[in-house]
Amino acid sequence: SATAAELATAATSPAMTEPGPDSSGSSPRRRLALVSLLLVGGLVALQLVRAARTPRFASFDGEAMSTTWQITLPEGSDPAATAAAADACFALFRRLDLELSEWKEGSPLAAVNRAAGTAPVAVPDDLFGLVTRAVEIGRQTEGAFDVSWAALWGLWDFRAAAPSVPDRSVIAGRRALVDYRRILLDPAARTVFLPAAGMKLGLGGIAKGYALERAGVLLAERGFEDFLVVSGGQVYARGSRGGRAWQVGVRDPRGERDEIFATLPLRGGSLSTSADNESYFLVEGARYHHILDPRTGWPSTGLRSATVLAADPTLADALSTAVMVLGKERGLAVAARLGAGAL
């Protein structure tokens, strides 16, 4: 168990036996040095073997779904196949963006919002499945995550040159249109119907997690057991990097960008953080941020950030938003009930 440095020191230390030739003609000191050098050489060789067995990893960056993505994969014996897998993930992200974005006029989700109060709209499988999952998470989080929050669009402008707090009566009127329980889903026809004019769906709090989940399936199908995919404030990891767990850091939103206060070794699962520092404004010392409480129409209060660890990236994404809304006590309880960890 000695280190190479300890063995090298022993090789140059005075012999512990009385000097003098032995039957082989070699002094004890010289023999010790020879054994030590052989052991040091063995350690070096072992390190070289380990290095040869440690896979090389490559990272790929790109833009999709209004954020930056990074995919880290082992190159293996076929770097071209690794690059092709990353390209397939980015193509998946771009396709999901066209289907799941509430901001793109030509998207199926935008068609659902335009038809609110008028008629059901047939949608692609990915969109129908994600809205169905969002409604279920709404029920599991006591309405703290509500995919119909988008009826509040336009009231809060966090990028305005001179931002202001909306009128309370206007907020209350829009808030009456927020209720995930009113969304009508027809699995047979694959339709989504918003029964009241003015209702809208917004998947910004869950779509990236779903994209991470789908990317994990794609990579597994291509034989990748080790990978890390990063999207904004969320990561999805599986396996390891050369036998060591992926290290994921969490920072305080009031700190510097490189100021980490917690680190988690991650071998399987997703870590998602929601915080009040992404889009916000200050009025009379009060902070108003983009994570709205769907039950009130106002920004959530009590927490500056919430980090959730879950095996399912879709759940982790939605649940970090819900914990911000629920606060510490209820947030921790709901996360635990759903088998997730929360910070």
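These are my notebook entries on salt bridges and one small sheet in a predicted model.

**Entry 1, salt bridges.** I counted the salt bridges first and got 16. I then looked up single pairs and their surroundings.

**Entry 2, Arg-133 and Asp-312.** I found the side chains of Arg-133 and Asp-312 joined in a salt bridge, 2.7 Å from N to O. The two residues are 179 apart in the chain: Arg-133 sits in helix α5 (residues 125-140), while Asp-312 sits in the loop between β13 (305-310) and α8 (313-326). I checked the accessibility of both. Arg-133 is partly exposed at 28% relative accessibility. Asp-312 has a relative accessible area of 19% and is buried, because the cut-off for buried is under 20%.

**Entry 3, Arg-304 and Asp-252.** Next I looked up the salt bridge between Arg-304 and Asp-252, where the closest N and O atoms are 3.2 Å apart. Arg-304 is in the loop between β12 (286-289) and β13, and Asp-252 is in the loop between β8 (246-251) and β9 (260-266), so this pair ties together parts 52 residues apart in sequence. I noted Arg-304 as partly exposed, at 39% relative accessibility. Asp-252 is partly exposed too, with a relative accessible area of 25%.

**Entry 4, Arg-254 and Asp-276.** The loop between β8 and β9 also holds Arg-254. I found Arg-254 in a salt bridge with Asp-276, with 2.8 Å between the closest N and O atoms. Asp-276 lies in the loop between β10 (268-275) and β11 (280-283), 22 residues from Arg-254. Is each partner buried or partly exposed? Arg-254 is partly exposed at 40% relative accessibility, whereas Asp-276 is buried, with a relative accessible area of 4%.

**Entry 5, a network.** I also followed salt bridges that share partners. They join Arg-95, Glu-99, Asp-126 and Arg-214 into one network.

**Entry 6, the sheet.** I turned to an open sheet of 3 strands and read its order as β3-β5-β4, with antiparallel pairing. Which strands stand at the edges? They are β3 (121-122) and β4 (184-186); each has a single partner strand, so one side of each has no neighbour in the sheet. I looked at the pairing of β4 with β5 (residues 191-193) and found it antiparallel, over 3 bridges. Leu-184 stands opposite Phe-193 of β5.

**Entry 7, the helix on the sheet.** Last, I asked what α5 does at this sheet. Helix α5 lies across β4 and β5 and runs at about 135° to β4. I noted that α5 is also the helix that carries Arg-133 of Entry 2.

Definitions and conventions: Residues numbered from 1 in each chain as written. Predicted model: local features only at pLDDT ≥ 70, side-chain atom pairs only at ≥ 80, totals over all residues. Heavy atoms only, no water. Salt bridge = Lys/Arg side-chain N within 4 Å of Asp/Glu carboxyl O. Buried < 20%, exposed > 50% of the residue type's maximum accessible area, 1.4 Å probe, protein only. Pairing = 2+ DSSP bridges. Contact = heavy atoms within 4.5 Å. Axes fitted to C-alpha atoms, helices over the stretch in contact; angles between N-to-C directions.
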